[in-house]
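The following exercises practise the reading of a protein structure, from helix packing to sheets and cores. Each task is followed by a solution in steps.

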Amino acid sequence: METKHYDVFVIGSGIAGQTAAKACIEAGLTVAISDKREYGGTCATRGCDPKKVLMQFADVMQNTTQLKGLGIKKRPKIKWKAVKKFKTSFTKPVPTSTESDLKELGIDLYHQSPKFISNNEAMVEGKTISADKFVIATGHVPRQLEFEGSDLLKTSDDILNLKKIPKSAIFIGSGYVGMEFCYMLSTMGCDVTMIEVGNNALSQFDSFLVEKLVEVLEKNGVNFMFNTNPVEVKKLKKNLKLTYEKNGKTKTIKARKIFNTAGRVPAIEKLDLEHANIKVDESGILVNDFMQSTSNDNIYACGDVSSKSLPLTPLSGLQGYIAGHNIINGNKKEFKNPLVPSVVFTKPQIASVGYSEEEAQSRYKNIKVFKGDASDWYNAKKEHAEAYAYKILVNERTNKIVGAHLLSSQANETINIFAMAINEGLTLNDFKKQIFTYPSYTNDLKSMLKDED
């Protein structure tokens, strides 16, 4: 069988893969790209973008709940079919437009996951292809849970495509995805239980703020079960039955849907990476600062699948650019982890940037911790919000802000102000001199940095 050769073969059509592929084709290299799913990647088709379209309707419901009796007579009714149709208007065009853009650039497209057969060869669509360089940008997939009946569990893909809001649902895993969707479904009338094997939710975020968020969700009907281990799932006539262990006892709980939200892992299982001497660990494909495999010089990996990335779209695009640049010009551009804010789109939202309190304490001799509950401040009171809180960390020696953690309805936006402040090395005095709009959540940030009397 004849082997088709390319200068560069990209695996994965999300933002990382697209960015690398476009850079290489524009530099005059021959390029192909493959994907086993629809073109466009997770974020645009089944992740961040469609999730946020749906989430805003949950926010509307939550807003009216908070203001009920204060001018709002009753909560609105959500037409889920119309909501889904609106969401689909964003996702449906993506695969076609992505393929069209790539074809127009002269990139060959394949619709299957390749399997490596040597250091520079792979099988795809029954064909043998070879390439001087491969770029692996396959992203993440849901972590598989290993217990009887786990094949009955649904994933975030299924939540985005629900035909209707279920009467009841169980989530296994309280990370970003689990917390966001448990908020969304519970706000829209679903009876939600959150199962977590650990002793707290959102372990990556500040516990002071997470506890307040959990309290809000509990007040709104979410049943949290920590230190709980799922054992088995069985299908009943209408429901699913989950058997779990807690405090040494075995019990059961029923729900119409059970979702696996126990995190995501690098999507590498079906690539046969061992045939190409590509080393991996639980963080993904092991790469150096040039986004090049540490064990095979022909391979670059970028985006969520690489060992140097957080699962955030801005980082994927940056790493795709670096991988493409280094393939074209030789390894000259290094990836240095930028300061990246992150957010959980519940209501209130929880957002973080910079060091955690524990990280700051280990890094600096002395830190100032500005921490407080702001639920009685104007912005929270006008919304009748159930929680508003913050924790800001300052290096006492330099008086510079080194970490910020926010819980509010606008945290996804206001955290960016602190990201800019940390990037620019602003001191407390520098920050307090800034003039912001009033009244606004941004203006509140200066009040968070006042010493207690």
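**Exercise 1. Two helices in contact**

At what angle do α7 and helix α8 (residues 207–219) pack, and how far apart are their axes?

*Solution.* The model examined here is a predicted one.

Step 1. The angle between α7 and α8 is about 30 degrees, and their axes are 10 Å apart.

Step 2. Angles under 35 degrees count as roughly parallel. The helices α7 and α8 are therefore roughly parallel to each other.

Step 3. The hand of the crossing of α7 and α8 is left-handed.

Step 4. On the α7 side the contact is made by M179, C182 and Y183, and on the α8 side by L213, V214 and L217.

**Exercise 2. A second helix pair**

Determine how helix α3 (residues 48–67) is placed against helix α7 (residues 176–187).

*Solution.* Step 1. The axes of α3 and α7 come within 9 Å and cross at roughly 45 degrees.

Step 2. An angle that is neither under 35 degrees, nor over 145, nor from 65 to 115 counts as oblique. This makes α3 oblique to α7.

Step 3. The crossing of α3 and α7 is left-handed.

Step 4. From α3, the residues K51, L54, M55, A58, D59, M61 and Q62 take part; they meet E180, F181, Y183, M184 and T187 of α7.

**Exercise 3. The order of strands in a sheet**

In what order do the strands of the open five-stranded sheet lie, and which are the edge strands?

*Solution.* Step 1. The order is β19-β20-β23-β22-β21, and the pairing is antiparallel.

Step 2. β19 (342–344) and β21 (367–373) each pair on one side only, and they are the edge strands.

Step 3. From one strand to the next, the twist averages 10 degrees.

Step 4. Helix α8 lies across β20, β21, β22 and β23, and it runs at about 175 degrees to β22.

**Exercise 4. Pairing of the strands**

Describe how β23 pairs with β20 and β22, and how β19 pairs with β20.

*Solution.* Step 1. Strand β20 (residues 349–354) pairs with β23 in the antiparallel sense over six bridges. Here G354 stands opposite G403 of β23.

Step 2. Strand β22 (residues 389–395) is joined to β23 by seven bridges, again in an antiparallel arrangement. In this pair I401 of β23 is the bridge partner of V394, and K400 of β23 is that of N395.

Step 3. β22 and β23 form a hairpin with four residues between them. In its turn, N399 has a positive phi of about 65 degrees.

Step 4. Three bridges join β19 to β20 in an antiparallel manner, with S342 opposite S352 in β20. This pair is also a hairpin, joined through four residues.

**Exercise 5. Buried or exposed?**

Classify strands β23 and β20 and residue E26 by their accessibility.

*Solution.* Step 1. A residue is buried under 20% relative accessible area and exposed over 50%.

Step 2. Strand β23 (residues 400–408) has eight of its nine residues buried, so it is largely enclosed by the rest of the structure.

Step 3. In β20, five of the six residues are buried, and the strand is mostly covered.

Step 4. E26 lies in helix α1. Its relative accessibility is 61%, so E26 counts as exposed.

Step 5. E26 and G106 are 80 residues apart in sequence, while their C-alpha atoms are 9.5 Å apart in space.

**Exercise 6. The nonpolar cores**

Which residues of the largest nonpolar core touch the most other members, and which elements give two or more residues to this core?

*Solution.* Step 1. In soluble globular proteins, nonpolar side chains tend to be buried together.

Step 2. The largest nonpolar core has 45 residues, of which F9, F116, F134, I136 and I285 touch the most other members.

Step 3. The elements that give two or more residues to this core are β1 (4–11), α1 (15–26), β2 (31–34), β3 (108–110), β5 (121–124), β6 (127–136), β18 (299–301) and α9 (313–329).

Step 4. Leaving aside residues up to four places away in sequence, the contacts of F116 include I11, F134, I136, L271, L273 and I299.

Step 5. A second, separate core has 39 residues, among them L54, A58, C190 and F205.

Note on methods: Residues numbered from 1 in each chain as written. Predicted model: local features only at pLDDT ≥ 70, side-chain atom pairs only at ≥ 80, totals over all residues. Heavy atoms only, no water. Core = buried A, V, L, I, M, F, W, Y, C linked by side-chain atoms within 4.5 Å. Buried < 20%, exposed > 50% of the residue type's maximum accessible area, 1.4 Å probe, protein only. Contact = heavy atoms within 4.5 Å. Pairing = 2+ DSSP bridges. Axes fitted to C-alpha atoms, helices over the stretch in contact; angles between N-to-C directions. Left-handed = near helix turned anticlockwise from the far one by under 90°.
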